[in-house]
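Work through the exercises below with the sequence and the structure side by side. Each task is followed by a solution in steps.

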Amino acid sequence: MITLEEFIRQDINWLNALPEYQRKSIQQLLDQGKTYEEAAVIWLSANGPSNTHPFGTQNTKSIFFEKLLEEVESFFCRDDKYIEEKKQLLTQFKAGDVYVLTFISTAISPIVGASAPLIAPAIALILMTILRMGLNAWCSLRREIKQNSTQQS
Amino acid sequence: MLLQYVAGSVFAVGRVTPNGVNLLGTAFLVAKNKLATTKHVTGGSDSNLVIIIPKIQSLYDYQDTTDSKVSFINVKISEIDPFKDICILTLEHKGEISPPYVLSSTDSIHPGSPVVTFGFPHADHGRLVLTQQDTNVGAKVLIESSGIKSKHIVLNTLARPGQSGGPVFNPSNMSVVGMLVGAYIPQGGSGVIIAGIDPASLHQTTHVISAEYIKEML
């Protein structure tokens with residue numbers, strides 16, 4: 001069976017796993033010079049057209065990127081989290097990039113309190129960052145960031 | 001299709017809570033077992049999200065404002081675009097329902113054109129009354145979100161909480177040209193809230209996003 005590290009090392013453009021309307025918007029952000037992480041933050045915090053007062057009854061704010069990042073980190077960097085999901089994913093990874101992205105988004109969505117279609121583009125962008133850095137380097141960086149923030153507080 | 005029969009295609013969106021169903025906004029059929037609403041109505045979460053089954057067959061029927069009992073169908077978010085503020089919901093039931101109209105675009109209408117919108121104004125106070133508003137297009141505008149521009153029209157009418165996600169019809173051919181998303185407000189709002197209302201939102205400049213973007217998500 002393929003390992004998680006081998007899985008993430010595959011040369012996949014995860015943005016291609018998104019529906020076209022989402023991919024187009026994300027690509028526009030990247031074309032503006034935004035990094036993958038900046039694009040993910042903008043996607044998650046966007047709340048419709050500017051200068052428009054929404055007429056829903058609650059108008060809830062979007063989820064925080066950091067919360068999602070923590071869950072993706074738990075999924076890919078920690079052996080004691082998402083154990084069954086990872087087993088299933090690694091046996092079914094050949095089902096294609098759309099399946100894999102949907103699978104990860106669906107596993108994480110209840111924890112972050114947002115629907116899978118909303119977080120999928122942000123997860124795709126995080127996966128692109130991981131692909132660029134390598135899984136071990138990304139996990140080390142995340143640990144380092146957490147340690148630094150704990151020491152500062 | 002006659003306008004009064006839109007009652008079977010426009011729904012109130014709610015979330016089931018321990019205290020009952022909280023009304024959130026409006027949704028309308030856009031394809032078989034699929035509805036459109038705004039992203040901000042759902043908050044991006046489909047946990048306990050439902051649509052309320054209408055009690056009337058036609059808008060000519062009286063809607064009983066004292067009847068607080070509701071039946072609902074669970075829905076899931078199947079597509080979402082936070083820049084355009086559009087959310088596609090899928091019905092979780094075995095039956096099949098389809099819209100008796102087509103989706104078009106704001107390209108097909110112009111300032112001065114009559115339009116008709118439907119929604120549930122004052123749903124923030126628990127009022128569940130499907131309401132028709134007849135008005136005219138005031139302007140065609142491009143509005144941006146994080147540098148991404150999209151087509152909108154301005155309606156010359158005052159909208160209230162609960163109407164977000166309502167369809168806007170071109171009555172000349174009964175096509176849906178757009179979806180109500182909110183009202184113009186200067187950057188940051190007025191900074192004053194009176195009885196839950198920002199006075200800067202009390203005007204007749206209501207924003208509607210083009211239905212062509214909904215079609216792209218189906």
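**Exercise 1.** State what phi G134(A) takes just after α7(A), then describe the helix before it.

Solution.
- Just after α7(A), G134(A) takes a positive phi of about 95°. Helices (H or I, at least four residues) and strands (E, at least two) are DSSP runs, numbered from the N terminus.
- The model is predicted: local features need pLDDT of at least 70, side-chain atom pairs count only at pLDDT 80 or more, and totals for chains, interfaces and linings use all residues. Residues are numbered from 1 along each chain as its sequence is written, while chains are lettered from A and ligands numbered from 1 in the order in which they are written.
- α7(A) has 18 residues and spans 25 Å from its first C-alpha to its last, close to the expected 26 Å; the expected span is 1.5 Å times one less than the number of residues.
- Of the 18 residues of α7(A), 14 are buried, and the helix is mostly covered. Buried means 20 or more other C-beta atoms within 10 Å of the residue's own, exposed means 12 or fewer, and partly exposed lies in between, with C-beta atoms placed from the backbone.

**Exercise 2.** Find which helix gives the most to the largest nonpolar core.

Solution.
- The largest nonpolar core has 97 residues, and those with the most contacts inside it include I119(A), I123(A) and L35(B). Such a core is a set of buried Ala, Val, Leu, Ile, Met, Phe, Trp, Tyr and Cys residues joined through C-beta atoms within 7 Å.
- Helix α7 (residues 116–133) of chain A gives the most to this core, with twelve residues.
- Domain 1 (3–91) and domain 2 (102–216) of chain B each give the core at least three residues; the bounds come from an automatic or database domain assignment.
- Leaving aside neighbours within four places in sequence, I123(A) is in contact (C-beta atoms, placed from the backbone, within 7 Å) with V72(A), L101(A), I104(A) and S105(A).

**Exercise 3.** Explain why the buried residues of α2(A) are on the same side of the helix.

Solution.
- Helix α2 (residues 20–31) of chain A has twelve residues and reaches 16 Å from its first C-alpha to its last.
- Its buried residues are Q22(A), S25(A), I26(A) and L29(A).
- They lie on the same side of α2(A) because they cover an arc of only 95° around the axis, taken from the directions from the helix axis to the C-beta atoms.
- An α-helix has 3.6 residues a turn, so residues three or four places apart point the same way.
- On the other side of α2(A), E20(A) and D31(A) are exposed.
- The cover over the buried residues of α2(A) includes α3 (36–45) and α7 of chain A, as well as β5 (72–81) and β10 (148–155) of chain B.
- Just after α2(A), G33(A) has a positive phi of about 100°.

**Exercise 4.** Decide whether E73(A) is buried or exposed.

Solution.
- E73(A) is found in helix α4 (residues 65–77) of chain A.
- E73(A) counts as buried because it has 20 C-beta neighbours inside 10 Å.
- The C-alpha atoms of E73(A) and K86(A) are separated by 13 Å, and the two are 13 residues apart along the chain.

**Exercise 5.** Determine how many residues each chain gives to the contact between chain A and chain B.

Solution.
- Chain B gives 49 residues and chain A gives 31 residues.
- Elements giving two or more residues to the chain B side include β2 (20–31), β5 and β10 of chain B.

Terms used: Contact = placed C-beta atoms within 7 Å.
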